[in-house]
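Work through these short exercises with the structure open. Each task is followed by a stepwise solution.

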Amino acid sequence: MLSVRNLRVEAGGVVLLGAVSLTVRPGDKVGLVGRNGAGKTSMLRAIGRAAGPTGTTGPAGPSVSYRGGLGYLPQDPRVHGVADDVTALRHVLSGRGVAAAADRIEALRTRMEDDPSAENIDRYARAEERFRVDGGYAAESEARRLAAGVGLRGGALDLPLGALSGGQRRRVEVARILFAGSDVLLLDEPTNHLDADAKAWMLDFLRDYRGALVVVSHDLELLDEAITRVVHLDRGGDDEPGRIHEYKGTYSRYLTARAADEARDAKRAAEAAREAERLRGVVRRFGAKATKASMARNLERRIARLEESAPDATPAARSLRVHLPEPPRCARTVLEVDDLAVAYPGLDVFEDVSFDVGRGERMLVLGLNGAGKTSLLRVLAGRSEAVLGEHRWGTGASVGYYAQEHEGIRAGSDLVDHMRDAAPGLGDGALRSLLGMFGLVGDKVFQDASTLSGGEKTKLALAQLVGGRHNVLLLDEPTNNLDPPSRTAVAAALGAWAGTLIVVSHDVEFVEALQPDRALLMPDGTVDHWRGELLELVALA
């Protein structure tokens, strides 16, 4: 069971949640929902941090307590505090301490061979027996089964973490948490970077999970099929602490109930406002008369009570209106790639990839996870080096790069500073207007960018691309972490843009709106004209 009592959450000096309480019992599967920036990721992160590392038990902080082990999957796929040369398998096994136990047994075995004393033999025998009883010898096969379920097949588990793509690293982290066998799971966007098969496996796992689950997701299928309760996190404005409202049932049932609540609250708020205005009219008519002064004071107290007790009218959902400026002119051939190859120690990602891209063309890069899609974009963006081959940008090409892991967002710098770097020729007013186009307004623009939610980081990165006035955009999963209305707005803006796009995406609706001209199939580097049946590969990628 997970118990949260009077949890206060701050991010960038802003109070997101004032005093939130939540109880999740074994078998409860809670979907935490709300608009981008409402504080979902910050709330989950605060619970995870207050609860301590996976495997601890009992009261873990002044606001959070739980029984059993707790697993927390953050939204960022990067694994902090783990060296890049650690193999993926070892990291998964660390979820239950198996790797450390195996190291201890190996050290005891070496000591026993060097000095076969009765004491050393006994120490080794007892440690080996405990390892066997705890399932240590079966652990590797179990870890590989879980990893295969989330789409890490072949030799991916035997590679160092540094050789894996962002999507593969996230799958490793999912496998590690599931391998730990936690009694409480906190999952932030668990289906991000998963292909169709791995997503289906994840949904089956969550349906059958018997522990306490809290999940943040924009995946409507997950929210409809794998949860039993919805917790709506509501913030009326960016300077107001959020509140939670609970709804039983699936996400579809929540949408119906939430709409009814909002309609009822709006009606009650309007009635209270009308009554308050009527009473103010009475006060204005009679308040100046000395004989009516007592009545006027009573009416003013009634007005204050009305306004205090009236429900807050639900603010209208913010809809983005994204517009990309006309791209600067460039050469007819924007990009030429010849015999490109990328490899890491122990892993050949792809080789002999050649293609070209014309001005205004939209190319979609397709391939299964680990096929080298992100590696290709990183080479084209100048963020990493190819081991063989070359690529040449055409005259006048101005290239903007959106990285799926938001690696360009720095801790300690606010949003306006990030925009100054991306568009040094614009004044602060213009920069704030660009941020406002993506719903980043008010004091939020002076917030430390590292404290933004995943969706807000995506919006900041996209605002930087717009400010850069590029004519070529390299986009690696640009709709990850965006709520549905924001995804629609971004897709419409990119679909109407006249510049050149090279895009990696598994978002079928986004790709449909984009209407690509050609597809590049990785890792083979085959180029094909776009046709509707390729949409099936988008979901698989």
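**Exercise 1. Follow one buried strand.**

Find the bridge partner of Tyr72 in S7, then place S7 among its neighbours.

Step 1. The bridge partner of Tyr72 in S7 is Leu186. Strands here are DSSP runs of E, at least two residues, and helices are runs of H or I, at least four residues, numbered from the N terminus. Two strands pair if DSSP finds at least two bridges between them.

Step 2. Strand S6 (residues 70–73) runs parallel to S7, and four bridges join them.

Step 3. Go to the other pairing. S7 and strand S8 (residues 212–216) are parallel too, over five bridges. Asp188 has Val216 as its bridge partner in S8.

Step 4. Add the connection. S7, helix H7 (residues 196–208) and S8 make a right-handed β-α-β unit. Right-handed means that, with the strands pointing away from the viewer, the path from the first strand over the helix to the second runs clockwise.

Step 5. Check burial. Buried means under 20% relative accessible area, exposed over 50%, partly exposed in between (1.4 Å probe, protein chains only). Val184, Leu186 and Asp188 point one way from S7, Leu185 and Leu187 the other way, and all are buried. Five of the five residues of S7 (residues 184–188) are buried, so the strand is largely enclosed by the rest of the structure.

A note on the source: this is a predicted model, where local features need pLDDT of at least 70, side-chain atom pairs count only at pLDDT 80 or more, and totals for chains, interfaces and linings use all residues. Residues are numbered from 1 along each chain as its sequence is written, and side-chain values use heavy atoms, with hydrogens and water left out.

**Exercise 2. Order an open sheet.**

Which strands stand at the edges of the sheet, and why is one side of each left without a neighbour?

Step 1. The order is S12-S11-S14 in an open sheet of three strands, with antiparallel pairing.

Step 2. Strand S12 (347–358) and strand S14 (388–393) are the edges; each has a single partner strand, so one side of each lacks a neighbour in the sheet.

Step 3. Strand S11 (residues 333–344) pairs with S12 in the antiparallel sense over eight bridges. Val337 stands opposite Phe355 in S12.

**Exercise 3. Classify a ring pair.**

How are the rings of Tyr251 and Tyr254 arranged?

Step 1. Apply the rule: rings of Phe, Tyr and Trp (its six-membered ring) pair if their centres lie within 6.5 Å; planes under 30 degrees apart are stacked, over 60 edge-to-face, the rest tilted. The count comes to four aromatic pairs.

Step 2. Tyr251 and Tyr254 form a tilted pair, 5.3 Å centre to centre with 40° between the planes.

Step 3. Both Tyr251 and Tyr254 are buried.
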